[in-house]
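The following exercises are intended for a reader who is new to this structure. Each sets a task and then works through a solution step by step.

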Amino acid sequence: MKRKLQPTTDTMKEWIKTYVPDRDFFFLPETTLASFKEYVRDALVIPHEEFNNHSTYKQVQLTNSYEYWNLSKDVSYVLVTPPGWVNHLPAEKKIDLFQIQVAVDRGLIHPISDSFVYASSLGNNVIEVEGEKYAVFHKAMWEELSYSFKEDIMTDIAQEWEAWTCYDVPSQTPPHLIPFANTFPSRAGSNCLSATLFAITQQEWIVHEWVHPQTFLQRLEFEGYRVTSQELRAGDVVTWENEDGIIQHASYCIDGQFFFNKRGQTFFNAWSIVHVDDLKEDWGRYHRKTFRKAESIQ
């Protein structure tokens, strides 16, 4: 039976501390830069292509907070600003900038309703676009909010990424997985591939890494895993690939029915116990492969 999952108090504190980065990024299409030129003396204006290749701005928490992967292809420039810069813009310019951020699908923007308890605390950081209200988060406003507000908004945002549900830890769960099962990370980066490698290697440090597909497949080979067509059983690794053969997800089978799993690279994605039916629902549109230790294939 599924049950609710909750982050610990310490985990929530870490999320609140790091979710809104110390530098604010605002993304602009080519046609909008000119209207902000007189206000960028205290900012960096970086071409988007250069921004994408900049090692500082490729850090995983920045990637996750600003959701780079969702950004519109129309983005040509990035304004990198110190905290509070946006508050010195004329009111109409601040509104314009925030509306652009909604239009280009910048992260750190949260839809809110009129019934939202803390809406009045957000002040002029709320804008309306096509009848919908959005809170645009940036460092200076985040620092001014009460802890209880941050906790509530973190809870709302986290559950947009993943429903907080899990299954009880199966009795066959390897001991090294038990401390992590049905818990949330306190920092970003860990993904499904690192969680799966941790499960088969017992190397705890790996669970916190952001592992890419070729690294993952190479380690499976080193560990003696081979593709099998046999029925699922404990210790198997299952992957789901797109039509180009690129892994979209991986998970570790605990007992043939339940898996040690992580759905994504954010700290809102738990290391959770899920049922094989959940994985089929999430990833069934992709091609599934099962890997097993070579000595276990009969």
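The exercises below concern a predicted model and proceed from the whole chain to its parts.

**Exercise 1. Describe the overall make-up of the protein chain: how many helices and strands does it have?**

Solution.
1. The protein chain contains nine helices and 14 strands.
2. Taken along the principal axes, its C-alpha atoms fill a box of roughly 70 × 40 × 35 Å.
3. Of its 298 residues, 52% count as buried.
4. Consider next the contacts between residues at least 6 apart in sequence: 70% of these join residues at least 24 apart.

**Exercise 2. Determine whether the span of helix α4 agrees with its number of residues.**

Solution.
1. Helix α4 covers residues 91–103, which makes 13 residues.
2. At 1.5 Å a residue, the expected span is 18 Å.
3. The end C-alpha atoms of α4 are 19 Å apart, which agrees with that expectation.
4. Just after α4, aspartate 105 takes a positive phi of about 65°.

**Exercise 3. Establish which residues of α4 are buried and what covers them, and then classify alanine 91 as buried or exposed.**

Solution.
1. The buried residues of α4 are Lys93, Lys94, Leu97, Phe98, Ile100, Gln101 and Val102.
2. An α-helix has 3.6 residues a turn, so residues three or four places apart point the same way.
3. The cover over the buried residues of α4 includes the strands β2 (24–29), β5 (109–112), β6 (126–129) and β7 (132–136).
4. Alanine 91 also has its place in helix α4.
5. The cut-off for an exposed residue is over 50% relative accessible area. Alanine 91 has 54% relative accessibility and therefore counts as exposed.
6. Alanine 91 and asparagine 124 are 33 residues apart in sequence, while their C-alpha atoms are 8.4 Å apart in space.

**Exercise 4. Explain why helix α7 may be called largely enclosed.**

Solution.
1. A residue is buried if its relative accessible area is under 20%.
2. In α7, the buried residues are Cys192, Leu193, Ser194, Ala195, Thr196, Leu197, Phe198, Ala199, Ile200 and Thr201.
3. These are 10 of the 10 residues of α7, so the helix is largely enclosed by the rest of the structure.
4. The buried residues of α7 pack against α8 (213–222) and against the strands β9, β10, β11, β12 (258–262) and β13 (271–275).
5. Just after α7, glutamine 202 takes a positive phi of about 65°.

**Exercise 5. Trace the strand pairings that involve β14, β10 and β11.**

Solution.
1. Begin with β9 (residues 225–228), which pairs with β14 (residues 287–293) in the antiparallel sense over four bridges. Here threonine 228 stands opposite threonine 290.
2. Strand β14 also runs antiparallel to β10 (residues 237–241), and five bridges join these two strands. Tryptophan 240 stands opposite arginine 288 in β14.
3. From β10, five bridges lead to β11 in an antiparallel arrangement. Glutamate 241 has isoleucine 247 in β11 as its bridge partner.
4. The hairpin of β10 and β11 has five residues between the strands, and its glycine 245 takes a positive phi near 80°.
5. Strand β11 is antiparallel to β12 as well, with two bridges between them. The bridge partner of cysteine 253 is phenylalanine 259 in β12.
6. The hairpin of β11 and β12 has four residues between the strands, and glycine 256 there takes a positive phi near 95°.
7. As for its surroundings, β11 is mostly covered, with six of its seven residues buried.

**Exercise 6. Characterise the largest pocket and the largest cavity by volume and lining.**

Solution.
1. The largest pocket has a volume of about 540 Å³.
2. Its lining consists of 20 residues, and those nearest the centre are Gln248, Arg263, Gly264, Gln265 and Trp283.
3. The elements that give two or more residues to this lining are α7 (192–201) and β11 (247–253). The largest share, three residues, comes from β11.
4. By class, the pocket lining has 10 nonpolar, eight polar and two charged residues.
5. Turning to cavities, the count is one of 30 Å³ or more, and the largest cavity has a volume of about 50 Å³.
6. The residues lining the largest cavity include Tyr19, Trp161, Ala188 and Phe268. Helix α3 (residues 60–66) gives the largest share of that lining, three residues.
7. The cavity lining divides into five nonpolar residues, four polar and one charged.

Technical notes: Residues are numbered from 1 along each chain as its sequence is written. This is a predicted model: local features need pLDDT of at least 70, side-chain atom pairs count only at pLDDT 80 or more; totals for chains, interfaces and linings use all residues. Side-chain values use heavy atoms; hydrogens and water are left out. On a 1 Å grid over the protein atoms alone, a cavity is a set of points where a 1.4 Å probe fits but cannot get out, and a pocket is an open set with protein on both sides within 12 Å along at least five of seven lines; lining residues have an atom within 4 Å of a point. Grid points are joined across faces, edges and corners, and a volume is the space filled by probe spheres set on the points. Ala, Val, Leu, Ile, Met, Phe, Trp, Tyr, Cys and Pro count as nonpolar, Asp, Glu, Lys and Arg as charged, and the others, Gly among them, as polar. Two strands pair if DSSP finds at least two bridges between them. The expected span of a helix is 1.5 Å times one less than its number of residues. Buried means under 20% relative accessible area, exposed over 50%, partly exposed in between (1.4 Å probe, protein chains only). Contact means heavy atoms within 4.5 Å.
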